[in-house]
Structure formats: structure tokens, C-alpha cells
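This note is addressed to a colleague beginning the study of protein structures. Please read each point beside the displayed model.

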Amino acid sequence: MADFDWPWQYKFPPFFTIQPNIETRKKQLEAWCSLILGYQRHIKQYNLDVTEAQASELFYNKQLNRRLSLDAIYTVLEELRKRGNLEWKDKNRNSCMLIWRSPAEWGKIIYNWISSKSMNNTVCTLYELTNGDDTEGQEFHGLDKEIFIKAMRSLEAEGKAELMDFGGTEGVKFF
């Protein structure tokens, strides 16, 4: 995996303190949202544990010895939630799912791949689509199951797919 391209703000100490000026804060939150989504996309992680993330390189720049406080992390995550890029997995807001593409966008990517492989009118398991050898190298390879199912539901709404359950094995038929 190639190294992540950190934005210039990450090397700027005040970036790690939520700014009091409203216009500056707005730009800062935009930069943090972009950084979090870009970083999570780069490492192909869809879930974030807030406690673990606090010590990660995402929120802690060791070279500067600067860390985003827990309150500031929640401020940034709440901004992502307002934008539709985050869903909390629990009421205590300890864990969340990051959404850098909408389920409809994922559905379109997957459906385009299915069509390009002439796999319409076939049934595939969710596992073979997200983890199979045929999808290796595709952007949706390794996609979080929850996001994948939401993507399939968006395709169902368009009449392009149908989710199925074969006694514990989940699959999808594409039309």
C-alpha cells in the first residue's frame, strides 16, 4: 500500500486545536472531514473505534507531538454525521461507520462491474462479491458487509438486484 499523502494542515500545530473563530473553524472542520474520509478510504477501513482512533496517527501527529482532544474528535465526527458520512453504531458513540461513498454510489460501481462481466441474471454470494478472487483489485473488494447490503438495497429499489438468503448464505441476483 502506498503511503498516505497527508495534507499540509496535518503538519500545522494549530490544526490539532479546534479554532474559536467561526470562519476558521468551518475551514478546519472541512479539512478534518476530508482528511478522515481520505485516510479511512486509503486504508480501506469503514469502522472507527473512537478510543482506539485517539491514539492513531490520524489524530496524533508524533512529529509535532500534537493530538486532537477527545472532545475535538467528537466535534469533527459530529460534523461528518451531519454531512451524511458517518453513522453511529452505538448509543454511547464509541464506534461509528464512515461512509465516503453513498450506498447508491457503491451500488452503481458494483452493478457496472457485474454488467461489464456479463453477470446479469446470475446469483452471487455476498462473500464472493466482497472477498472473492474475481473482485480482487476492484474498489468494492473488502467492502464492509453493512455498507454492501445497503448498496444492494439501493439496487433493489431500482429493480436491478434482489437480495437472497439460502439458509444462512446470503446472496444477490442481478438483473
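Leaving aside its neighbours within four places in sequence, with which residues is R93 in contact? The points below begin with that question and then turn to the chain as a whole. The model under discussion is predicted.

1. Contacts of R93. Apart from neighbours within four places in sequence, R93 is in contact with V50, Y74, E78 and W88. R93 itself is found in the loop between β4 (86–88) and β5 (95–98). Its relative accessibility is 31%, so R93 counts as partly exposed. As for one of these contacts, Y74 is 19 residues away from R93 along the chain, and the C-alpha atoms of the two are separated by 8.7 Å.

2. Secondary structure. The protein chain contains 6 helices and 8 strands. Read from the N terminus, the order of the elements is α-β-α-β-β-α-β-β-α-β-α-α-β-β. The student may wish to follow this order along the displayed model.

3. Dimensions and burial. Taken along the principal axes, the C-alpha atoms of the protein chain fill a box of roughly 55 × 35 × 30 Å. Of the 175 residues in the protein chain, 40% are buried. The protein chain exposes about 10000 Å², and carbon and sulfur atoms supply 47% of that area.

4. Contacts along the chain. Consider the contacts in the protein chain between residues at least 6 apart in sequence: 56% of them join residues at least 24 apart.

5. Charges. What are the numbers of positive and negative side chains in the protein chain? There are 23 positive and 25 negative side chains, and the centres of the two sets lie 6 Å apart. A search of the whole structure finds 11 salt bridges. Three of them are described in the next points.

6. The pair R83 and E30. A salt bridge joins R83 to E30, with the closest N and O atoms 2.7 Å apart. This pair links distant parts of the chain, since R83 is in the loop between α3 (70–82) and β4 whereas E30 is in helix α1 (residues 22–42), 53 residues apart. R83 counts as partly exposed because its relative accessibility is 34%. E30 likewise counts as partly exposed, at 42% relative accessibility.

7. The pair E87 and K150. The side chains of E87 and K150 meet in a salt bridge of 2.6 Å, N to O. Here too the pair links distant parts of the chain: E87 belongs to strand β4 and K150 to helix α6, 63 residues apart. E87 has a relative accessible area of 33% and is therefore partly exposed. K150 is also partly exposed, with a relative accessible area of 29%.

8. The pair E170 and K145. A salt bridge is formed by the side chains of E170 and K145, at 2.5 Å from N to O. The two residues are 25 apart and link distant parts of the chain, with E170 in strand β8 (residues 169–174) and K145 in helix α6. E170 is partly exposed, its relative accessible area being 28%. K145 is partly exposed as well, with a value of 45%. Separately, E30, E79 and R83 are joined into one network by salt bridges that share partners.

9. A negative patch. Which residues form a negative surface patch? The patch is made of E128, D133, D134 and E136. Of these, D134 is found in the loop between α5 (126–131) and α6 (145–157). Is D134 buried or exposed? D134 is exposed, because its relative accessible area is 63%.

10. Backbone angles. Most residues other than glycine have a negative phi. K44 is not a glycine, yet it has a positive phi of about 55°. K44 is found in the loop between α1 and β1 (47–49), and at 35% relative accessibility K44 counts as partly exposed. S118, also not a glycine, has a positive phi of about 55°. S118 lies in the loop between α4 (103–116) and β6 (123–125). With a relative accessibility of 62%, S118 counts as exposed.

Definitions and conventions: Residues numbered from 1 in each chain as written. Predicted model: local features only at pLDDT ≥ 70, side-chain atom pairs only at ≥ 80, totals over all residues. Heavy atoms only, no water. Patch = residues over 30% accessible without salt bridge, like charges linked within 9 Å, V, L, I, M, F, W, Y side chains within 5 Å. Areas by Shrake-Rupley, 256 points an atom, 1.4 Å probe, with all protein chains shown as cover. Salt bridge = Lys/Arg side-chain N within 4 Å of Asp/Glu carboxyl O. Lys, Arg positive; Asp, Glu negative; His and termini not counted. Charge placed at Lys NZ, Arg CZ, Asp CG, Glu CD. Helix = DSSP H or I, 4+ residues; strand = E, 2+ residues; numbered from the N terminus. Buried < 20%, exposed > 50% of the residue type's maximum accessible area, 1.4 Å probe, protein only. Contact = heavy atoms within 4.5 Å.
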